[in-house]
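Visitor: Could you walk me through a piece of this protein? I would like to take it slowly.

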Amino acid sequence: MKTAATARRDIPLSAPWIDDRDEELVLEVLRSGRLSLGPAGPRFEEAFAQAVGARCCAAVSSGTAGLHLCMRLAEVGSGDEVITSPYSFVASANCAIYEGAIPVFADIDPRTWNLDPAAVEAAVTRRTRAVVAVDIYGYPCELDELRAICDRHGLALIEDACQALGARYKGEPIGSHGHPAVFAFYPNKQMTTGEGGTVTTESEEQWRELVSLRNQGRADSGGWLEHARLGYNYRLDDVSAALGLGQVEKLDRILELRHETAERYGELLRTVEGVEPPLPNDADHSRTWFVYVVKLDAGIDRERVLAGLEERGVSSARYLPSIHLQPYMRERYGFGEGLCPLSEDLSRRTLALPFHTKLAAEDQEYVVEALRAAMTFA
């Protein structure tokens with residue numbers, strides 16, 4: 001194994017895997033002249049739906065756009081409350097705010113880092129309209145328990161699966177469980193379309209509404225300038241869809257390589273004291289690998305660890321700040337420390353290590369030795 005004394009390397013936090021087949025498909029669209037609302041979009045939707053076992057799939061311009069459209073499906077409006085996780089990317093809460101609703105944060109399970117169903121149950125009020133459940137870092141949330149809560153109270157369940165492509169809950173792929181699930185394809189995700197996302201659902205009625213809403217509210221029939229409802233320009237262009245097609249074609253290999261990379265990190269980190277690796281799979285939860293986030297033991301100065309990694313050319317990041325403590329959340333809603341103590345504690349102690357599909361073994365060894373060295377000064 002190489003040591004921290006090895007010549008400095010510059011290792012990025014993430015990188016997409018783009019190959020000749022991706023370029024071929026994108027070039028095909030460019031040469032066709034059909035850059036939007038062409039045949040690549042439906043082809044991509046069909047391929048993606050098949051990959052996750054969903055009946056219907058609507059491609060959109062981003063995961064955030066998909067979450068917002070799901071708020072419309074759920075008829076979330078001004079003054080409603082939407083329960084979600086504080087330990088997530090801000091879009092999980094912003095989607096409710098876009099419709100004038102109030103985000104309500106239920107604390108997380110300290111083991112899975114996902115929403116604690118008991119905390120969700122306790123947060124339900126007469127104003128609650130929906131629950132946005134997050135599969136954090138690709139680890140499936142407690143779908144059965146959350147669905148039961150939603151069914152009891154007449155709430156919409158929306159799954160933020162933006163980090164969870166390839167994960168399985170109780171043996172079935174995330175995205176195939178019936179309720180709307182949103183995926184995202186930013187370049188650091190398992191697969192990419194540059195930007196872009198999808199919403200999967202088992203309901204053809206919901207799918208038709210999504211297709212209309214993403215395309216300025218146009219109706220199924222009628223002319224180009226006929227609009228059945230208020231909609232948005234949330235379409236995915238054909239160039240992005242073509243890239244997505246190439247990525248779906250090799251998705252199994254992508255997921256396999258990312259699993260191997262994660263396993264290698266797990267082995268290397270066994271000898272690094274003070275670092276807790278991600279939670280392993282169990283009978284009900286099969287993780288997919290979006291990022292590789294570790295938790296530092298209490299009392300370790302994370303900022304010194306981050307600085308030590310940076311000195312050695314290793315990119316890292318504070319994954320993830322608690323949403324309710326973001327400046328705009330504090331200012332708008334008066335949220336503060338102590339609202340979600342488990343999330344807040346985790347946010348102070350977690351960091352992401354470099355992780356992507358083609359990360360070389362020797363680079364992983366360098367990262368772990370750099371982490372070991374940085375920990376000695378923290």
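Guide: What follows is a short talk about one residue and the helix around it. This is a predicted model, in which local features need pLDDT of at least 70, side-chain atom pairs count only at pLDDT 80 or more, and totals for chains, interfaces and linings use all residues. Residues are numbered from 1 along each chain as its sequence is written, and side-chain values use heavy atoms, with hydrogens and water left out.

Visitor: Okay, where is Phe 48?
Guide: Phe 48 lies in helix 2, residues 40-52, where a helix is a DSSP run of H or I with at least four residues, numbered from the N terminus.

Visitor: Is Phe 48 buried or exposed?
Guide: Phe 48 is buried, with a relative accessible area of 0%; buried means under 20% relative accessible area and exposed over 50%, with partly exposed in between, using a 1.4 Å probe and protein chains only.

Visitor: And what does Phe 48 touch?
Guide: Leaving out residues up to four places away in sequence, Phe 48 touches Cys 57, Leu 165, Phe 183, Phe 185, Met 191, Thr 198, Thr 200 and Val 248, a contact being heavy atoms within 4.5 Å.

Visitor: Which other residues of helix 2 are buried?
Guide: Besides Phe 48, the buried residues of helix 2 are Ala 40, Gly 41, Phe 44, Glu 45, Ala 49 and Val 52. The buried residues cover an arc of only 160 degrees around the axis, taken from the directions from the helix axis to the C-beta atoms, which puts them on the same side of helix 2.

Visitor: What's on the face turned away from that buried side?
Guide: That face of helix 2 carries the exposed residues Glu 46 and Gln 50.

Visitor: New topic: what comes after helix 2?
Guide: Helix 2 is followed by Gly 53, whose phi is positive, near 70 degrees.

How values were computed
Helices (H or I, at least four residues) and strands (E, at least two) are DSSP runs, numbered from the N terminus.
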